[in-house]
Amino acid sequence: MKTLLDQLYIFEMANNHQGSVEHGLKIIDATAKVARKHQIKAAVKLQLRELDTFIHPDYKGRTDVKHIGRFESTRLTMDDFQRLVEAIREQGLVTVATPFDEQSVQTCQALGVQVLKLASCSATDWPLISAIADANRPVIASTGGLSIYDIDNLVSFLHKRVPAFALMHCVSLYPTPNERIHMNFLSKIMRRYPYVSVGYSGHEAPDNLEVAMAAIAKGARLLERHIGVATPDIQLNTYSLDPEQADQWVAAAERMRAICGASEEKHVIQNEKDSLRELQRGVFVKRNIAQGEEIRPEDVFFAMPCAEGQLTSGEFGQLRAHFAASRDYVTGSAVFEAPKHDTMRLIRGILHDAKGQLYESGISLGDDYTVEISHHYGLPRFRETGCILVNLINREYCYKLLIMLPGQKHPPHMHKQKEETFCMLWGDLTVNLHKQDTQESVNMKPGDKLLVPRGTMHDFATRSGAIFAEVSTHSIVGDSYYAHPEIAELDPMQRKTILESW
């Protein structure tokens, strides 16, 4: 369900159908053409109001009260909405609707609408919010005009009650000038609600493409704009896109998506490595050196060009020790030696990555702690199997942080004396609990807790990296019993490296 909302472009029809099903079908057709051209996941969004009860009897037919005349003049029947919903579905688009009253929520369910949208003006309408939650559909909520307190209430109520939930940064000014967009607020709500998909719903001028690009650059997973089709008799409002503008809007957003990349990871391709190597200095010998003779810093100089496979000045500087030549060298020749990754270099790289995850998560350790690197199959295989334990408190009760690097796993083991609870802080973690002849797999996300009773064999792994707290009874060295004989036979100090600081 959550994937339905991810990278979704929402085209809001609102009342731009002008009360005409045929005109609404034209808007749907135009939207579908844009979606197919750019190969995007797109939705058409309708608005539903049960006008017989939505408008007070004393105000029906009034033209001096804002919005009432427009709503009444663009009224559609249930059959009309059914035709529009079927057309959206037939075009391969996602069906989304904004119900403004409880009866319209039921109508959306009867129509088979896939996603319900909560408008900004309804985001504090708790009877309606409750009805939307009870519909058990994915929900997208706009936040125009809401205080952070209002947004907190909304997220707290909805995100665990519906199959999927997305929050849209929105400014309810029509059209919205750039100085009122406040796109940095999108970053704030992404940090505040890391478990919620966040997007941007725009009302800026139709020719303003920079705002959508800024939203994508900030990390918006959904984008929304109003769309319509102008005719000699129908003029679009100042914040709705026509099909050509919609095409340009999507193209701009997709350009920025390509610039930003598919994830936060950096992928260095071989061409980039080759380009940099052409500018790096290689290592050359100052004198004749025989095979087996030590190569010392005073025996070399650094210059370009650096050949393929040649030792670079940077690699030489990291070796930090003398090493023996694997061949004979004559004065001025290039040095072709493989850097030897000693234990200190391995540990330093591990600690740098672990610190990076702590910085990224915003978790501070303070000054009083010790660090254990658990390397069950040795330091060279640590990034495959192992974890880092940061011991903070170990009295009758114990508190420590466990840090796992991307793709890492921890082998099956149990504790006979210690009972522990895992509290997930950052990243992802899958814990397997082995109970007699069964295995229970638990996928943990930040905020989740999991009890591991004494005597329960368990293992865990992460895809993108993890930081979690272990809260337990007193931790005792030697109280870890491993299922794999190769590990079980090791002394605890053979599979650990302990550091007083890092």
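**Notebook: the two biggest pockets**

I started with the second largest pocket, whose lining residues split into ten nonpolar, 16 polar and seven charged. Worth jotting down before going on: I am working from a predicted model.

Next I looked up the volume, and the second largest pocket holds about 760 Å³ of space. I then checked which residues sit by its centre: of the 33 that line this pocket, Q47, R70, Y174, H226 and Y239 are the closest. For secondary structure, I found that β2 (41-48), α4 (68-73) and β8 (222-227) each give two or more residues to this lining. Which element has the largest share in the second largest pocket? I got α4, with three residues.

Then I moved to the largest pocket. My note on its volume reads about 1,800 Å³. I counted 39 lining residues here, and those nearest the centre are M190, P194, E264, E360 and W426.

I went through the elements around the largest pocket as well. On the helix side, α9 (184-192), α10 (210-218), α11 (243-260) and α14 (343-361) each supply at least two lining residues. The strands β7 (197-201) and β18 (420-427) do so too. I put α14 at the top of my list, since five residues from this helix make up the largest share of the lining.

Last, I sorted the lining of the largest pocket by residue class: 16 nonpolar, eleven polar and twelve charged.

Technical notes. Residues numbered from 1 in each chain as written. Predicted model: local features only at pLDDT ≥ 70, side-chain atom pairs only at ≥ 80, totals over all residues. Heavy atoms only, no water. 1 Å grid on protein atoms, 1.4 Å probe; cavity = no way out; pocket = protein on both sides within 12 Å on 5 of 7 lines; lining within 4 Å. Points joined across faces, edges and corners; volume = space filled by probe spheres on them. Helix = DSSP H or I, 4+ residues; strand = E, 2+ residues; numbered from the N terminus. Nonpolar A, V, L, I, M, F, W, Y, C, P; charged D, E, K, R; others polar.
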